[in-house]
Amino acid sequence: MAENVMNNPAYWRDRAAKTRAKAHSFRYQYSRANLLKIAEEYDRLANHAEQQLLRAPAMKLSGQSP
């Protein structure tokens, strides 16, 4: 079964890094700013995925579903 990328912080951090690198190659400030906002959202998703991973063992022990 394929890994669920929604729960993979490394995936989202990689996307953020690649998006930031791409943003720095853009000539227009507006375009750069938009890409940097997207990178911030990828970081937010990475943080959320990390929190989910931290909660997962506790949920399994208590019998709750994620």
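**Exercise 1. Decide whether asparagine 8 is buried or exposed, and find its polar partner.**

Step 1. Asparagine 8 has 16% relative accessibility, so it counts as buried. Buried means under 20% relative accessible area, exposed over 50%, and partly exposed in between (1.4 Å probe, protein chains only).

Step 2. Place the residue. Asparagine 8 lies in the segment before α1 (9-23). Helices (H or I, at least four residues) and strands (E, at least two) are DSSP runs, numbered from the N terminus.

Step 3. Look for the partner. The asparagine 8 side chain reaches the backbone nitrogen of alanine 10 at 3.0 Å.

A note on the model: it is predicted, so local features need pLDDT of at least 70 and side-chain atom pairs count only at pLDDT 80 or more, while totals for chains, interfaces and linings use all residues. Residues are numbered from 1 along each chain as its sequence is written, and side-chain values use heavy atoms, with hydrogens and water left out.

**Exercise 2. Count the helices and strands in the chain, then describe where leucine 35 sits.**

Step 1. The chain has two helices and zero strands.

Step 2. Leucine 35 belongs to helix α2 (residues 29-62). Its relative accessible area is 15%, so leucine 35 is buried.

Step 3. Leaving out residues up to four places away in sequence, leucine 35 touches Thr19, Lys22, Ala23 and Phe26. Contact means heavy atoms within 4.5 Å.

Step 4. Turn to threonine 19. This residue lies in helix α1. At 11% relative accessibility, threonine 19 counts as buried. In sequence, leucine 35 and threonine 19 are 16 residues apart; in space, they are 6.3 Å apart, C-alpha to C-alpha.

**Exercise 3. Find the residues of the largest nonpolar core, and say which element gives the most.**

Step 1. Recall the rule. A nonpolar core is a set of buried Ala, Val, Leu, Ile, Met, Phe, Trp, Tyr and Cys residues joined through side-chain atoms within 4.5 Å.

Step 2. The largest one has six residues: Trp12, Ala16, Ala39, Tyr42, Ala46 and Ala49.

Step 3. Both α1 and α2 give two or more residues to this core. With four residues, α2 gives the most.

Step 4. Check one member. Alanine 39 touches Ala16, Thr19 and Arg20, not counting residues up to four places away in sequence.

**Exercise 4. Classify the ring pair of tyrosine 11 and tryptophan 12.**

Step 1. The structure holds two aromatic pairs. In this pair, the ring centres of tyrosine 11 and tryptophan 12 are 4.9 Å apart and the planes stand at 80 degrees, so the pair is edge-to-face.

Step 2. Check the cut-offs. Rings of Phe, Tyr and Trp (its six-membered ring) pair if their centres lie within 6.5 Å; planes under 30 degrees apart count as stacked, over 60 as edge-to-face and the rest as tilted.

Step 3. Compare exposure. Tyrosine 11 is partly exposed at 28% relative accessibility, whereas tryptophan 12 is buried at 8%.

**Exercise 5. Trace the salt-bridge network that includes Arg13 and Asp43.**

Step 1. A salt bridge is a side-chain nitrogen of Lys or Arg within 4 Å of a carboxyl oxygen of Asp or Glu. The whole structure has five.

Step 2. Glutamate 50 pairs with arginine 13, with the closest N and O atoms 3.2 Å apart. Glutamate 50 lies in helix α2 and arginine 13 in helix α1, so the pair ties together parts 37 residues apart in sequence.

Step 3. Arginine 20 forms a salt bridge with aspartate 43, at 2.4 Å between the closest N and O atoms.

Step 4. Join the pieces: Arg13, Arg20, Asp43 and Glu50 are linked in a network of salt bridges.

Note on methods: Polar contact = N/O pair within 3.5 Å; in protein donor to acceptor, adjacent residues only side chain to side chain.
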